[in-house]
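Open your viewer, switch to a cartoon view and keep the selection box handy. We will go from stop to stop, and at each one you will hear what to select and what to look for.

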Amino acid sequence: MIKPELLAPAGDMKRLDVALEYGADAVYIAGKKLGMRAACKNFDYEDLKAASLAAHSRNKKFYVTLNIFPNDEDFEGVDEYVEYLQSLHVDGLIISDLGMIEQIRKKHASVPVHVSTQANIMNGRTAKVYADMGVKRIVLARELSLAQIRKIRDGLPDSVELEAFVHGAMCISYSGRCLLSNYLTGRSANRGECNQACRMIFTPEKSQEPLELVEDDGTYIFGGNDLNMIRHLKEIADAGVSSFKIEGRVKSEYYVACIVNAYRKALDCVAAGKPISDVYINETAKAPNRGFNTGFYFGQPVHGEQSKYYDFCGIVIDDRADGAVVEMRNRFKTGDKLEVLSHDDDYLNKIIEVPIMEYADGERITDAKIPAKRVKLLGVRLPELAMLRRPQC
């Protein structure tokens with residue numbers, strides 16, 4: 001088995017650094033325009049330059065999304081934008097629109113083009129059309145089975161790669177094309193402004209038609225389980241997929257770290273011919289989730305129960321001789337027992353007892369309760385970008 005690329009989401013520079021530190025081979029990001037996740041901070045020109053340096057200095061890759069469904073006016077300034085990305089040695093542009101793909105292939109032929117999952121590529125004939133246009137990679141529709149993927153792979157030249165999602169949220173509609181957000185809020189999901197209404201809890205109003213709910217306080221009537229393929233990485237690779245993609249550019253740095261770390265370790269196990277440890281499989285349930293299934297890879301998805309994931313308490317900003325400096329996320333107190341998330345197996349799942357803490361001005365505290373406030377855990381040493389978490393009660 002050729003070891004596949006592990007591709008991680010990054011909504012900003014902090015999450016990009018976390019993704020690379022925890023083992024991603026590549027990251028996908030967006031600039032301030034033309035990307036499908038406007039809710040992220042995203043990357044201005046200086047951030048894009050920093051992203052290129054951060055990735056390439058580690059011998060990793062970065063891809064930029066231009067994957068909205070553009071109107072005519074959205075093409076204004078595209079050439080200048082692509083020229084800037086080309087100057088940063090961008091490793092690929094992820095694009096959904098046929099017209100934009102054609103323009104960039106004609107005017108910027110040296111820039112690799114990846115066809116977005118939103119192009120809904122479901123068959124070998126369509127894949128071949130894009131291959132003939134000169135694209136480097138096809139990001140497959142989520143609705144394909146492994147058998148269908150294998151057939152598409154067999155009909156393509158070796159120069160064209162296949163990418164597929166292996167983990168994360170699944171949109172209610174076809175490969176992410178959705179009108180629900182636009183209908184409810186006027187924010188177009190197809191132009192980067194999705195409010196993710198399908199993942200919200202809904203409660204009924206009085207109506208002539210009964211609506212049966214399975215929870216007292218509402219239900220996720222539109223939301224499906226998250227995709228989780230960590231147990232089936234070899235099958236996906238054997239079907240001809242060379243890039244394994246994790247969904248989640250709006251997710252937290254904790255989510256990115258937890259899932260990237262699990263898949264990095266799992267892929268390394270598979271590449272070494274070893275079974276995947278339950279330690280890494282169980283890690284996926286410690287990040288926020290809506291229960292898991294295997295998507296359409298083996299046919300119709302089978303409903304799975306939601307796991308009680310862990311609360312993200314803080315991230316280590318600095319490891320000093322007298323204690324680790326943690327940027328707080330959820331409240332914790334002296335005496336609490338917290339679990340460590342780290343890409344270093346010597347620290348992964350280690351339990352620490354929170355000691356007396358100290359603010360930067362030297363004030364000592366026993367209760368960290370101000371989000372984003374930095375506190376030093378006196379006497380505790382933890383590697384930079386390690387994270388602290390605890391099971392939900």
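In which sense do strand β16 and β17 pair, and over how many bridges? Select residues 357–358 for β16, and show β17 as well: the pairing is antiparallel, over 2 bridges. Within this pair, Met 357 sits opposite Ile 365 of β17. Before moving on, please keep in mind that this is a predicted model.

**The open sheet**

Now widen the view to the sheet of 8 strands. It is open, with antiparallel pairing, and its order reads β15-β14-β20-β11-β12-β19-β16-β17. At the edges are β15 (351–353) and β17 (364–365), each of which pairs on one side only. Next, add helix α9, residues 253–271, which packs on this sheet. The helix touches β11 (310–320), β14 (337–341) and β20 (387–391). If you compare directions, that of α9 makes about 90 degrees with that of β20.

**A buried glutamate**

Select Glu 283, which belongs to helix α10 (residues 278–283). Is Glu 283 buried or exposed? With a relative accessible area of 0%, Glu 283 is below the 20% cut-off and therefore counts as buried. Show its surroundings next: leaving aside neighbours within four places in sequence, Glu 283 is in contact with Cys 258, Ala 262, Leu 341, Leu 348, Asn 349 and Arg 389.

**Over to helix α5**

Go to residues 124–132, helix α5, and pick out Ala 127. Ala 127 has a relative accessible area of 0% and is buried. Which residues does Ala 127 touch, not counting those up to four places away in sequence? Display Ile 121, Ile 138, Ile 152 and Leu 156 to see them. For a sense of scale, draw a distance from Ala 127 to Tyr 255: C-alpha to C-alpha they are 32 Å apart in space, and 128 residues apart in sequence.

**Two parallel pairs**

Select strand β2, residues 26–30. All of it is out of reach: 5 of the 5 residues are buried, so the strand is largely enclosed by the rest of the structure. Colour its two faces separately, with Ala 26, Tyr 28 and Ala 30 on one side and Val 27 and Ile 29 on the other; both faces are covered. That split fits a general pattern: in a regular strand the side chains alternate between the two faces of the sheet. Add strand β1 (residues 5–9), which runs parallel to β2 and is joined to it by 3 bridges. Here Ala 8 stands opposite Val 27.

For the other pair, select strand β7, residues 161–168, where 7 of the 8 residues are buried. Strand β6 (residues 137–139) runs parallel to β7, and 3 bridges join them. Look for Val 139, which stands opposite Glu 163 in β7.

**A look inside**

Turn on cavity detection if your viewer offers it. How many cavities of 30 Å³ or more does the structure hold? There are 3. Choose the second largest, with a volume of about 90 Å³. Its lining has 13 residues, and those nearest its centre are Ala 141, Arg 142, Ala 164, Phe 165 and Tyr 297. By type, the lining divides into 10 nonpolar, 2 polar and 1 charged.

**Helix α3 and what follows it**

Select residues 78–87, helix α3. Its buried residues are Val 78, Asp 79, Tyr 81, Val 82, Tyr 84 and Leu 85. Show what covers them, including α2 (45–56), β3 (61–66), β4 (92–95) and α4 (98–107).

After α3 comes His 89, which lies in the loop between α3 and β4. Although not a glycine, His 89 has a positive phi of about 60 degrees. As a rule, most residues other than glycine have a negative phi. His 89 has a relative accessibility of 58% and counts as exposed, because the cut-off for that is over 50%.

**Last stop: Asn 120**

Select Asn 120, in the loop between β5 (113–115) and α5. Asn 120 is not a glycine either, and its phi is positive, about 60 degrees. Is Asn 120 buried or exposed? At a relative accessible area of 17%, Asn 120 is buried.

Notes. Residues are numbered from 1 along each chain as its sequence is written. This is a predicted model: local features need pLDDT of at least 70, side-chain atom pairs count only at pLDDT 80 or more; totals for chains, interfaces and linings use all residues. Side-chain values use heavy atoms; hydrogens and water are left out. Helices (H or I, at least four residues) and strands (E, at least two) are DSSP runs, numbered from the N terminus. Buried means under 20% relative accessible area, exposed over 50%, partly exposed in between (1.4 Å probe, protein chains only). Contact means heavy atoms within 4.5 Å. Two strands pair if DSSP finds at least two bridges between them. Axes are lines fitted to C-alpha atoms, for helices over the stretch in contact, and angles run from 0 to 180 degrees between N-to-C directions. On a 1 Å grid over the protein atoms alone, a cavity is a set of points where a 1.4 Å probe fits but cannot get out, and a pocket is an open set with protein on both sides within 12 Å along at least five of seven lines; lining residues have an atom within 4 Å of a point. Grid points are joined across faces, edges and corners, and a volume is the space filled by probe spheres set on the points. Ala, Val, Leu, Ile, Met, Phe, Trp, Tyr, Cys and Pro count as nonpolar, Asp, Glu, Lys and Arg as charged, and the others, Gly among them, as polar.
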